[in-house]
Amino acid sequence: MPSLMLVVFLVEATVSFVNAVGAARINDLVRLYRLFWLGFAGVFRAATEQRTVQAEYLAVRREMNATSSQDEFARWAKLRRKHDKLLEQLEASKKDLDSSRSKFDSTLTAMRFLLTRAPQYLIPFWYATEPMFWLPHGWFPYYAEWIISFPRAPLGSVSIASWQLACTGIVTLLSDILTLLFKLILGPKQPEAPIQAPGAEDKDSKSTSTTEEKKAS
(Lines give C-alpha, C1' and ligand atoms only; values in the text may rest on other atoms or scores of the structure.)
Protein backbone atom coordinates (compact mmCIF):
# COMPACT_ATOMS: atom_id res chain seq x y z
CA MET A 1 0.00 0.00 0.00
CA PRO A 2 2.57 2.64 -1.02
CA SER A 3 -0.13 5.17 -1.97
CA LEU A 4 -1.95 4.75 1.35
CA MET A 5 1.33 5.10 3.24
CA LEU A 6 2.01 8.35 1.39
CA VAL A 7 -1.49 9.64 2.14
CA VAL A 8 -1.05 8.96 5.86
CA PHE A 9 2.32 10.70 5.85
CA LEU A 10 0.91 13.75 4.05
CA VAL A 11 -2.00 13.96 6.47
CA GLU A 12 0.33 13.88 9.47
CA ALA A 13 2.62 16.47 7.87
CA THR A 14 -0.36 18.75 7.19
CA VAL A 15 -1.63 18.43 10.77
CA SER A 16 1.83 19.21 12.11
CA PHE A 17 2.10 22.24 9.80
CA VAL A 18 -1.29 23.58 10.94
CA ASN A 19 -0.35 23.14 14.60
CA ALA A 20 3.00 24.87 14.07
CA VAL A 21 1.67 27.84 12.12
CA GLY A 22 -1.53 28.31 14.10
CA ALA A 23 -5.17 28.33 13.04
CA ALA A 24 -5.61 32.10 13.43
CA ARG A 25 -2.62 32.89 11.21
CA ILE A 26 -3.81 30.45 8.55
CA ASN A 27 -7.24 32.10 8.58
CA ASP A 28 -5.62 35.49 8.03
CA LEU A 29 -3.53 34.17 5.14
CA VAL A 30 -6.52 32.53 3.48
CA ARG A 31 -8.52 35.73 3.94
CA LEU A 32 -5.79 37.74 2.19
CA TYR A 33 -5.62 35.14 -0.59
CA ARG A 34 -9.39 35.35 -1.03
CA LEU A 35 -9.28 39.13 -1.20
CA PHE A 36 -6.47 38.98 -3.74
CA TRP A 37 -8.35 36.71 -6.12
CA LEU A 38 -11.83 38.18 -5.69
CA GLY A 39 -10.59 41.75 -6.02
CA PHE A 40 -10.32 44.66 -3.63
CA ALA A 41 -13.08 46.75 -5.24
CA GLY A 42 -15.90 45.74 -2.88
CA VAL A 43 -13.72 45.76 0.22
CA PHE A 44 -12.17 49.10 -0.70
CA ARG A 45 -15.62 50.59 -1.37
CA ALA A 46 -16.96 49.40 2.00
CA ALA A 47 -13.90 50.69 3.84
CA THR A 48 -14.16 54.06 2.07
CA GLU A 49 -17.82 54.39 2.99
CA GLN A 50 -17.08 53.49 6.60
CA ARG A 51 -14.29 56.09 6.82
CA THR A 52 -16.59 58.72 5.29
CA VAL A 53 -19.35 58.00 7.79
CA GLN A 54 -16.85 58.01 10.64
CA ALA A 55 -15.40 61.36 9.58
CA GLU A 56 -18.90 62.85 9.29
CA TYR A 57 -19.80 61.42 12.70
CA LEU A 58 -16.76 63.01 14.33
CA ALA A 59 -17.48 66.36 12.68
CA VAL A 60 -21.10 66.31 13.88
CA ARG A 61 -19.98 65.31 17.34
CA ARG A 62 -17.53 68.19 17.58
CA GLU A 63 -20.16 70.62 16.33
CA MET A 64 -22.71 69.27 18.79
CA ASN A 65 -20.29 69.62 21.70
CA ALA A 66 -19.59 73.20 20.65
CA THR A 67 -23.32 74.02 20.53
CA SER A 68 -25.16 75.00 23.71
CA SER A 69 -28.22 72.87 24.41
CA GLN A 70 -29.85 75.76 26.23
CA ASP A 71 -29.12 78.74 23.99
CA GLU A 72 -29.45 76.89 20.66
CA PHE A 73 -31.72 73.99 21.52
CA ALA A 74 -33.24 73.56 18.05
CA ARG A 75 -29.81 73.34 16.37
CA TRP A 76 -28.47 71.10 19.14
CA ALA A 77 -31.46 68.72 18.83
CA LYS A 78 -30.96 68.50 15.05
CA LEU A 79 -27.28 67.71 15.51
CA ARG A 80 -28.17 65.19 18.18
CA ARG A 81 -30.52 63.30 15.84
CA LYS A 82 -27.91 63.30 13.09
CA HIS A 83 -25.25 62.16 15.59
CA ASP A 84 -27.39 59.22 16.75
CA LYS A 85 -28.19 58.20 13.17
CA LEU A 86 -24.52 58.17 12.15
CA LEU A 87 -23.62 56.24 15.30
CA GLU A 88 -26.19 53.58 14.42
CA GLN A 89 -24.73 53.32 10.93
CA LEU A 90 -21.22 52.84 12.30
CA GLU A 91 -22.36 50.19 14.79
CA ALA A 92 -24.31 48.33 12.09
CA SER A 93 -21.29 48.42 9.77
CA LYS A 94 -19.03 47.08 12.50
CA LYS A 95 -21.50 44.30 13.33
CA ASP A 96 -21.70 43.29 9.67
CA LEU A 97 -17.91 43.13 9.39
CA ASP A 98 -17.59 41.10 12.59
CA SER A 99 -20.39 38.75 11.51
CA SER A 100 -18.86 38.14 8.08
CA ARG A 101 -15.46 37.52 9.63
CA SER A 102 -16.94 35.08 12.17
CA LYS A 103 -18.76 33.16 9.42
CA PHE A 104 -15.61 33.04 7.31
CA ASP A 105 -13.54 31.74 10.25
CA SER A 106 -16.17 29.11 11.03
CA THR A 107 -16.15 27.94 7.41
CA LEU A 108 -12.35 27.72 7.39
CA THR A 109 -12.37 25.80 10.67
CA ALA A 110 -14.84 23.26 9.26
CA MET A 111 -12.83 22.88 6.04
CA ARG A 112 -9.59 22.50 8.00
CA PHE A 113 -11.20 19.78 10.14
CA LEU A 114 -12.47 17.92 7.07
CA LEU A 115 -9.07 18.09 5.36
CA THR A 116 -6.87 17.20 8.34
CA ARG A 117 -8.52 15.84 11.47
CA ALA A 118 -11.22 13.78 9.78
CA PRO A 119 -8.79 11.81 7.57
CA GLN A 120 -6.46 11.43 10.54
CA TYR A 121 -9.13 9.34 12.31
CA LEU A 122 -11.18 7.89 9.45
CA ILE A 123 -8.33 6.45 7.37
CA PRO A 124 -6.82 4.31 10.19
CA PHE A 125 -10.32 3.10 11.13
CA TRP A 126 -11.26 2.17 7.57
CA TYR A 127 -7.96 0.46 6.70
CA ALA A 128 -7.32 -1.09 10.11
CA THR A 129 -7.03 -4.62 8.65
CA GLU A 130 -4.80 -3.65 5.72
CA PRO A 131 -1.03 -4.30 6.11
CA MET A 132 1.16 -1.38 5.10
CA PHE A 133 4.12 -3.70 4.48
CA TRP A 134 5.43 -7.00 5.84
CA LEU A 135 8.27 -7.40 8.30
CA PRO A 136 11.16 -9.77 7.49
CA HIS A 137 10.28 -13.21 8.82
CA GLY A 138 12.01 -14.10 12.08
CA TRP A 139 13.58 -10.70 12.67
CA PHE A 140 11.27 -9.69 15.51
CA PRO A 141 9.88 -11.63 18.47
CA TYR A 142 6.20 -12.50 18.69
CA TYR A 143 5.25 -9.69 21.09
CA ALA A 144 6.95 -7.08 18.87
CA GLU A 145 5.11 -8.33 15.78
CA TRP A 146 1.84 -8.25 17.73
CA ILE A 147 2.41 -4.65 18.87
CA ILE A 148 3.44 -3.48 15.40
CA SER A 149 0.39 -5.13 13.81
CA PHE A 150 -2.01 -3.70 16.44
CA PRO A 151 -4.98 -3.37 16.34
CA ARG A 152 -6.29 -5.59 13.49
CA ALA A 153 -3.58 -5.98 10.86
CA PRO A 154 -2.23 -9.47 10.09
CA LEU A 155 0.49 -10.68 12.42
CA GLY A 156 3.93 -9.98 11.00
CA SER A 157 2.87 -6.83 9.17
CA VAL A 158 2.91 -3.13 10.02
CA SER A 159 -0.56 -1.80 10.74
CA ILE A 160 -1.75 1.60 9.60
CA ALA A 161 -1.88 2.78 13.23
CA SER A 162 1.79 1.91 13.73
CA TRP A 163 2.69 3.58 10.44
CA GLN A 164 0.74 6.68 11.45
CA LEU A 165 2.58 6.81 14.75
CA ALA A 166 5.92 6.48 12.96
CA CYS A 167 4.98 9.25 10.52
CA THR A 168 4.08 11.53 13.44
CA GLY A 169 7.46 10.92 15.04
CA ILE A 170 9.32 11.53 11.76
CA VAL A 171 7.44 14.75 11.05
CA THR A 172 8.03 16.01 14.59
CA LEU A 173 11.74 15.18 14.35
CA LEU A 174 12.10 16.92 10.98
CA SER A 175 10.19 19.95 12.29
CA ASP A 176 12.50 20.23 15.30
CA ILE A 177 15.59 19.91 13.10
CA LEU A 178 14.37 22.60 10.68
CA THR A 179 13.43 24.90 13.55
CA LEU A 180 16.89 24.48 15.07
CA LEU A 181 18.58 25.15 11.72
CA PHE A 182 16.54 28.33 11.16
CA LYS A 183 17.42 29.53 14.65
CA LEU A 184 21.11 28.90 14.01
CA ILE A 185 21.04 30.59 10.61
CA LEU A 186 18.78 33.54 11.46
CA GLY A 187 19.78 33.89 15.10
CA PRO A 188 21.08 37.18 16.55
CA LYS A 189 24.73 37.89 15.84
CA GLN A 190 27.18 38.33 18.64
CA PRO A 191 28.03 42.00 19.29
CA GLU A 192 31.49 42.82 18.09
CA ALA A 193 34.01 44.12 20.59
CA PRO A 194 34.72 47.86 20.24
CA ILE A 195 37.98 48.66 18.45
CA GLN A 196 40.24 50.85 20.56
CA ALA A 197 41.87 53.87 19.04
CA PRO A 198 45.64 53.79 18.47
CA GLY A 199 47.51 54.68 21.63
CA ALA A 200 44.58 53.82 23.93
CA GLU A 201 46.33 50.69 25.20
CA ASP A 202 49.46 52.70 26.08
CA LYS A 203 47.34 55.20 28.01
CA ASP A 204 45.60 52.40 29.89
CA SER A 205 48.90 50.75 30.77
CA LYS A 206 50.36 54.08 31.94
CA SER A 207 47.35 54.84 34.13
CA THR A 208 47.49 51.32 35.59
CA SER A 209 51.22 51.64 36.41
CA THR A 210 50.67 55.06 37.99
CA THR A 211 47.90 53.65 40.19
CA GLU A 212 50.09 50.78 41.29
CA GLU A 213 52.97 53.16 42.16
CA LYS A 214 50.65 55.26 44.32
CA LYS A 215 49.43 52.18 46.15
CA ALA A 216 53.03 51.02 46.71
CA SER A 217 54.09 54.42 48.10
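Q: Is Ile177 buried, exposed or partly exposed, and what is its relative accessible area?
A: In this predicted model, local features need pLDDT of at least 70 and side-chain atom pairs pLDDT 80 or more, while totals for chains, interfaces and linings use all residues. Residues are numbered from 1 along each chain as its sequence is written, and side-chain values use heavy atoms, with hydrogens and water left out. Buried means under 20% relative accessible area, exposed over 50% and partly exposed in between, with a 1.4 Å probe and protein chains only. Ile177 therefore counts as partly exposed, its relative accessible area being 41%.

Q: Which kind of aromatic pair do Phe133 and Trp163 form?
A: Rings of Phe, Tyr and Trp (its six-membered ring) pair if their centres lie within 6.5 Å, and planes under 30 degrees apart count as stacked, over 60 as edge-to-face and the rest as tilted. For Phe133 and Trp163 the centres are 6.3 Å apart and the planes make 85°, which gives a pair that is edge-to-face.

Q: Is Trp163 buried or exposed, and what is its relative accessible area?
A: Its partner Phe133 is partly exposed at 35% relative accessibility. Trp163, by contrast, is buried, because its relative accessible area is 18%.

Q: How many residues make up the largest nonpolar core?
A: A nonpolar core is a set of buried Ala, Val, Leu, Ile, Met, Phe, Trp, Tyr and Cys residues joined through side-chain atoms within 4.5 Å. The largest one includes Leu4, Ile123, Ile160 and Trp163, and its full count is 10 residues.
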